[in-house]
Amino acid sequence: MLKGLVLENFKCFDEMKLCFSNLNILTGLNGMGKSTVMQSILLLGQSQNSILSEQVLSLKGKYVNLGVGQDILFEKAEKDEIGIGVWTENTEEQYLFEYQPDTDILPLKSVNKNLFSAWEERLYYLSAYRIEPQFLYHIENEKEVSERYFAKNGEFSIQYLKLHGGDDVINSSVLIDNKKTIADQVKAWMDLISPGVSPVIAINTSSRTAELKYEYIEGREKTNSYKSVNVGFGITYVLPVVVALISAKPGDIILLENPEAHIHPKGQRILGELLAAVGAGGVQVILETHSDHVMNGIRVAVKKGRLKPENTQFFYFYKDKNDSYRHKVICPVLDEDGRLSEWPEGFFDEWDLALLELL
């Protein structure tokens, strides 16, 4: 589990230090630095081999492509160097990279501990650009899939669900009925997000494709199976998120971007409750979201005792106009009743502001 992150001259931050918990919610207006935090972790994750073998940071890799050096150096940097550091329960890794404007590999300038701990091997990432409804999906080799490599857009989660749906869920905190397999729990949570829906998957190994359909449970009856292209967009968009969360094991680190996209507000709240359950079971989630419904699902879970408040951390990113518009962060603290210690301007307050105008 990552305990914290330190950034120096990286994108919009001249310097930034964050302390993480089990469930971490990154919030704020667009362009305030949420994605920058996610990208810095992913950069280290995808650069493990290149840092150890070639002493360079890879700006282009399996998780992110951030361009070249001039695209990631803080605009007002006083030194031509970029620092990224993380610490875990057992290790601290602080890397300083040399700035080179026109290349996508940055030489390692100095390091306090050139020691990658096990966290990079437990890192999983789903981007905001997830799979959409299609007639057929490409499949990966089974070894990669068995190791829960879903790809950053989640396209291999369908294949994983078909091949490993019969495996037991390791994180018991997410179980919501007596059935313990991944497939049953995915179905149960998907039913809460979109009532009655149930994924049906077929794999054709000769053509290296997977087909995704959905059937609905209506009372005691099942409907016909419908191709994903003929079912609501959001259902397929959220499926990789649910699969990744249900199949996660304690000690895993999952980075998620906007899991609520295309989902009804009630379903977004259910996602918040699922995220809380995952975090309660020892999985670390770092989540970027614009949804107050997801936030409220997490807060309700804390009030119901399903997640300890100290295992939850909120981050609100903003520009401080009184300090030369520097990018900063406020960390409201959650109590056992699901209440936040502060509610800074711009922090999920649009609903109240709109109501005031309507009155």
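A residue counts as buried when its relative accessible area is under 20%, as exposed when the value is over 50%, and as partly exposed in between. By that criterion, 53% of the 359 residues of the chain shown here, a predicted model, are buried.

**The whole chain**

Begin with the full C-alpha trace, which spans about 65 × 60 × 35 Å along its principal axes. The radius of gyration is 21 Å, in agreement with the value near 21 Å for a compact globule of 359 residues. Colouring by secondary structure should display 10 helices and 17 strands. Among contacts with a sequence separation of 6 or more, 62% join residues 24 or more positions apart.

Next, display the surface. The exposed area of the chain is about 16,700 Å², and carbon and sulfur atoms contribute 47% of that area. Selecting the charged side chains gives 37 positive and 50 negative charges, whose mean positions lie 5 Å apart.

**The nonpolar cores**

In soluble globular proteins, nonpolar side chains tend to be buried together. To inspect this chain in that respect, select V186, V242, L245, I246, L256 and V285, the residues with the most contacts inside the largest nonpolar core, which has 63 residues. Then highlight helix α7, residues 233-247, which supplies the largest share of this core with 9 residues. Apart from the largest core lies another, of 41 residues, including M32, Y63, I82 and I286.

Now centre the view on L256. Beyond the residues up to four places away in sequence, L256 touches M38, L126, V241, L245, L275, V285, I286, L287 and E288. Two residues in that list, L245 and V285, are also among those with the most contacts inside the largest core, whereas I286 belongs to the other core.

**E89, in a loop**

Move to the loop between β5 (81-88) and β6 (92-98), where E89 is located. Is E89 buried, partly exposed or exposed? Its relative accessible area is 48%, so E89 is partly exposed. Setting aside neighbours within four places in sequence, E89 is in contact with M1 and K3. Add F20 to the selection: 69 residues separate F20 from E89 along the chain, and their C-alpha atoms are 11 Å apart.

**Q70, in a helix**

Finally, select helix α3, residues 69-72, which contains Q70. With a relative accessibility of 47%, Q70 is likewise partly exposed. Show Y99, Q100, P101 and D102, which Q70 touches when residues up to four places away in sequence are not counted. K11 lies 59 residues from Q70 along the chain, with 9.3 Å between their C-alpha atoms.

Methods. Residues are numbered from 1 along each chain as its sequence is written. This is a predicted model: local features need pLDDT of at least 70, side-chain atom pairs count only at pLDDT 80 or more; totals for chains, interfaces and linings use all residues. Side-chain values use heavy atoms; hydrogens and water are left out. A nonpolar core is a set of buried Ala, Val, Leu, Ile, Met, Phe, Trp, Tyr and Cys residues joined through side-chain atoms within 4.5 Å. Buried means under 20% relative accessible area, exposed over 50%, partly exposed in between (1.4 Å probe, protein chains only). Helices (H or I, at least four residues) and strands (E, at least two) are DSSP runs, numbered from the N terminus. Contact means heavy atoms within 4.5 Å. The radius of gyration is taken over C-alpha atoms; the globule rule is 2.2 Å times the number of residues to the power 0.38. Accessible areas come from the Shrake-Rupley method with a 1.4 Å probe; for residues, only the protein chains shown count as cover. Lys and Arg count as positive and Asp and Glu as negative; His and the chain ends are not counted. The place of a charge is taken as NZ of Lys, CZ of Arg, CG of Asp or CD of Glu.
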